[in-house]
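Student: Could you take me through the charged pairs in this model, with a close look at how each one sits in the fold? I would enjoy one connected account.

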Amino acid sequence: MSKLLLKKVYTVSSKREKPRLWLQHLICEASNFQPGDQLFIHVNEEEKTISIQNSPHGEEIDSDYGVSVSSRMNRISGKPRPLVDASGDKFAKVLCIQDKIEISVYRDGEKGKVIVRPLRYRLFESDTIETLDDERLKLLSICAGSGIGTAMFRASSYFTPTMEIEMEDDSACVLKHNFPHSYLFQGDLRDCHTITKADVALVTLDCSEHSQIGDMDQGYFDNLILGTYKILDAAEPRVIFYENVPNFYNSSVYQELQELLSHEYPYQIGPIRLDSYDFGSIAHRDRSYAVSFRDKEDFDLFRVPKPPAVRRKRLKEFLDPKSTEHVWKPLEKWMESFQSKAEKNNAWADRNIDKTFVDRDALELQCIPRRYRSQSASNSYVLSEDRKSWRFLTISELRRIFSIPEDFEFPDYIPMYRIYEMIGQSVCGRVLRSWANSIASVFFRRHAAEKKDLKSPVRPDISHTDPMRFTLEQTGQIGFLI
């Protein structure tokens, strides 16, 4: 039985003034279309669909056209990646230039099928689909990025990723590489209308509008928040978990989302502000977290993760073996550049650089941002033993610092600078796993309590009769939301 693995929404372009059928690498790889394969295409003018598959359609449906899978050599991996690029009047029966279309990928073993149709979208309705048979807690990730946060939930062994939503092409490729059996929607989340049911939703919306080092794009969220609500409303998770920069929770858009969800999710914990350094990480990462619940029973059972008592590790415990060759840069040159900027009243003129260059015995690093590969006093770099040179932390070192699961992989065609950016945008595994375990604990404790209650008289479902909205603040104070 074929299973839906991927949906992609994009705008039809033209080729030789004809509608272009453009199946990019990710689509072909998810469909098991290999370079040189002969594909069978059927255009259904009545249903407005184009069906492309790597096996004949069968006697009941004849293939109208055929096309071969081509490829493009990836400069990073040196390996070819498949693609399909075709155009012509035959596709004009379904495709219109500059219209949005949705591409759905289905797989049944080695057999792959792609269905192309004009985008179908209903503003206040969504389609829902069946998920995996794995009976762990089903996880939906909105604005999933490269999926490092999703992988940390999976690493707890209590969650199964069932759907990810992401717009960036290369991040979507990393997601599909690491979660091949999960359903991925690639495109603007406002175009997402086919949703999986979920137990838990991980919401990590773009923070550039609210981060001090972001783009500060005011108004970027105004439309996305409505699409986020529509997705959550269709998925019907019992728990919604938010991770973002602290300023996000003071924004009008976060408040608007909470207002839209208030009827179904009246119980709120947070935002709780935590620094990964307090959880034993050697690097700082200041984030705030919040959790929304449908039921008061879940709200009452939840316990906010507390920083544990840990032994502080030194930087040398995260570094690559000494035999590893690195690219070192002269410290003197960096300092000359820094001092010249200070003389020009640069913003970093009075910047303390005690943690900019750290040796092997360092116990603390500054935050590792998305732009880590830039030369900035706000980053932390490894200082050589003679204290005359410095280098960037390597990707493998950052993986250890952030506790990224070993089974999480970056495909060999992803450029190194993008891997650095993806890690810099991600979360600390120490903190996120603590939240994942606390969320999973709610389901176990609720299950245990309900088993016990089977021997007692049935209680009324107060989650639907209690009209009050509750919040648990960082201080531990329970309050009412108005």
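Tutor: Happy to! Let us start with R446, which counts as buried because its relative accessibility is 12%. This is a predicted model, so please read each value below as computed from it. The side chain of R446 meets that of D295 in a salt bridge, with 3.3 Å from N to O. D295 counts as buried too, at 13% relative accessibility. The two residues come from distant parts of the chain, 151 residues apart: R446 belongs to helix 10 (residues 429–453), while D295 sits in the loop between strand 19 (286–293) and helix 6 (296–301).

Helix 10 is worth a pause here. The largest nonpolar core has 103 residues, and helix 10 gives the most to this core, with eight residues. The residues with the most contacts inside that core are L23, I52, L393 and W435. Take L393 as an example: leaving aside residues up to four places away in sequence, L393 touches L315, L319, L365, I368, Y372, S380, V382, L398, I401 and Y420. There is also a second, separate core, of 32 residues, and M163, I195, V203 and Y254 are included in it.

Back to the charges. The structure holds 30 salt bridges. Some of them share partners, and in this way E168, D170, R370, R418 and E421 are joined into one network. As a general point, side chains of opposite charge can pair when their charged atoms come close.

Next, look at D191 and K100. These two form a salt bridge in which the closest N and O atoms are 2.7 Å apart. D191 lies in the loop between strand 14 (183–186) and strand 15 (194–196), and K100 lies in strand 9 (residues 100–108), so the pair ties together parts that are 91 residues apart in sequence. The partners differ in accessibility: D191 counts as buried, at 10%, whereas K100 counts as partly exposed, at 37%.

Stay in that loop for a moment, for H193 also lies between strand 14 and strand 15. H193 is buried, with a relative accessible area of 4%. The side chain of H193 makes a polar contact with the side chain of E102, at 3.0 Å. Beyond four places in sequence, the residues that H193 touches are E102, L119, R120, Y121, S126, D127 and K230.

One more pair brings us to the early part of the chain. The side chains of R81 and E29 meet in a salt bridge, at 2.8 Å from N to O. Here too distant parts of the chain are linked: R81 is in strand 8 (residues 80–87) and E29 in helix 1 (residues 25–30), 52 residues apart. R81 counts as buried because its relative accessibility is 8%, whereas E29, at 29%, counts as partly exposed.

Strand 8 leads us to a sheet. This open sheet has four strands in the order 2-3-8-7, with antiparallel pairing. Its edge strands are strand 2 (14–15) and strand 7 (70–73), each of which pairs on one side only. Strand 2 pairs with strand 3 (residues 18–23) in the antiparallel sense, over two bridges, and K15 has K18 in strand 3 as its bridge partner.

To retrace the route in the model, you could begin with D295 and R446, go on to D191 and K100, and finish with R81 and E29.

Conventions:
Residues are numbered from 1 along each chain as its sequence is written. This is a predicted model: local features need pLDDT of at least 70, side-chain atom pairs count only at pLDDT 80 or more; totals for chains, interfaces and linings use all residues. Side-chain values use heavy atoms; hydrogens and water are left out. A salt bridge is a side-chain nitrogen of Lys or Arg within 4 Å of a carboxyl oxygen of Asp or Glu. Buried means under 20% relative accessible area, exposed over 50%, partly exposed in between (1.4 Å probe, protein chains only). A polar contact is a pair of N or O atoms within 3.5 Å; within protein, one must be able to donate a hydrogen and the other to accept it, and residues adjacent in sequence count only if both atoms are side-chain atoms. Contact means heavy atoms within 4.5 Å. A nonpolar core is a set of buried Ala, Val, Leu, Ile, Met, Phe, Trp, Tyr and Cys residues joined through side-chain atoms within 4.5 Å. Two strands pair if DSSP finds at least two bridges between them.
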